[in-house]
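Here's a structure to get to know by asking why its features get the names they do. Have a look first, then follow the questions.

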Amino acid sequence: MKVAIIGAGAAGIIAGITAKRENKNIHIDLFDINNGIGKKILASGNGRCNISNIDCKVSNYIGENPSFVEFALKQFDFNAFKKFCKSIGLLLDIKEDGKVYPLSNEAKSVVNLLSSAIESLNINTILETKITDIKKENDKFIVVSEEKEFKDYDKVLISSGLAAAPQLKATEDGMNIATNFGHTFNLTYPSLVGLHTDFENSSKIQGVKKEAQVSLYIDGQKENEIIGDVLFTKYGVSGFAILDISQYAVYPLSLYQDVQISINLFPNLSRNEVLGMVESLFKTLPNQEAVELLTGIVSNKLAAILLEISKIDKQSKAKDINAKQIRAIVNTLINWRFKITDTQGFKHAEASGGGIRTDEVDEKTYESKKCRGLYFAGEVLDIVGNRGGYNLQFAWASGYLAGKDISK
C-alpha cells in the first residue's frame, strides 16, 4: 500500500509515524513545501514549544462543531501523548498551569527527535515541494506538484494547515484542493492575533503593558470576558488577554458585525474602590499636578491619555479637578472602550480558524465522508484551540487517529 501525506507539521508527522508503526509494509511519502519538517513546531512557544496541555476538553476548542474533537482527545489523551513522546526519546516538562514543554525547553529538540523517528521508519520525505492538486483515477490518487506528478497512492492525508504564518510558507492550498472532492469549508480567519482599534492616539501609549480584564461586545451584547496581560501597541492592542479574546472577536468582525472591547485596568477592585483611590490621591496632594498623581496608579503614558480622554488640561492641579471629571477618569480606568477595526492578519496569528467542515469528516478515523481513502488532520479542519498547547494537542490526536486508520 502506498500513502501520501501532504504537510509535515505535527499532524502529518505523527500520522506517518503511527501508520508505519502499525503497518511496516506500507510506503509513505511525506510532502512539505519547506526545506525541513515541523517548521511551525519550531516557531511555537517562541522557540520553547508549548507542545501540549494536560487538560484538553471540548470547551478549549472553537469551530462549527467543537464536540468533533471529543473522540480524538479521549483516544489520544495526554497520557497517550506522553507515551508517544517517550517512544521517540522526548521527555516533557509539565508546568503548574497545565502547559507542557519539552524538558530541553527547546523546540529544535522536538523536531530533531521526530526527524529521527521518521528516518528510522524509512518514511520518505519529499521537501521543498508545493502540492498544487490531487486527483483520483481508477481508485488511485495522483499528487500533483508544480514540477511533476506522483502517482498510484491508495490513500492521501491532507495535513497542510491553513494560512497562519505565511512567512513559514503556510497556505490554504490543502483546503482548496479538498473542494475537488466535494468538500466545503467555513470562512477562515486569523486566530490568537493582535487587534486593531479605532483609538487615534495608540502610538502615544505604545509599549504599555498591564494585567487587565478584557470584555468582548458583539453588536452591543457582552459575549466573553478574560483576565490577562494587555499590551498597548501602535496599531491597537495585543498581549495574552487580547490573543485569547481574539478567538471570539475575529469571526464576527469578518461578518461586519460591531465588535468592541472594554478594558478594566483594575480587575481586582470595585468601581467604588477605584473611585476612592483616585479621590484620596487628589485630596491628599491638592497642589500637585493631576497627571503626576495619576502616575502613582498607572504608567505616565496612560496618565496623560486619561486626562486627554477626560478633556482635562494636563497642567491642571488636583484641586481643580471636579467630581464629574474624576468620575470620567475612573470610567476610563475600569471601562475603556475600543472599537475593533481589524486584526494583525495571518502573518502575526498563532493559528487559523475556519477550514474544512467537520461534519464531512469521520470523527473516529478522520477519513473523508466524500471520498474513500482521503483523510484530513490538524489545522486544515474547522477546529481551533485556545492558547496554551491545545492546537498542537489536537494536531497530535487527529494525526494519530488518521494514521491508525491509514495503516489498515
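Q: What makes A10, I14, I41, I51, F76, F81 and L114 count as touching W396?
A: Contact means heavy atoms within 4.5 Å, and W396 has such contacts with these seven once residues up to four places away in sequence are left out. Bear in mind that this is a predicted model, where local features need pLDDT of at least 70, side-chain atom pairs count only at pLDDT 80 or more, and totals for chains, interfaces and linings use all residues. Residues are numbered from 1 along each chain as its sequence is written, and side-chain values use heavy atoms, with hydrogens and water left out.

Q: Why is the set of 78 residues called a nonpolar core?
A: The name goes to buried (under 20% relative accessible area, 1.4 Å probe, protein chains only) Ala, Val, Leu, Ile, Met, Phe, Trp, Tyr and Cys residues joined through side-chain atoms within 4.5 Å. The largest such set has 78 residues, with I41, L114, V156 and W396 having the most contacts inside it. Helix α12 (residues 390-406) gives the largest share, nine residues. A second, separate core of 57 residues includes I242, L253, I312 and I321.

Q: Why are α8 and α11 called oblique to each other?
A: Helix α8 (residues 271-284) and helix α11 (residues 323-334) pack at about 130°. Under 35 degrees is roughly parallel, over 145 roughly antiparallel, 65 to 115 roughly perpendicular and the rest oblique, so the pair is oblique.

Conventions:
Axes are lines fitted to C-alpha atoms, for helices over the stretch in contact, and angles run from 0 to 180 degrees between N-to-C directions. Helices (H or I, at least four residues) and strands (E, at least two) are DSSP runs, numbered from the N terminus. Buried means under 20% relative accessible area, exposed over 50%, partly exposed in between (1.4 Å probe, protein chains only).
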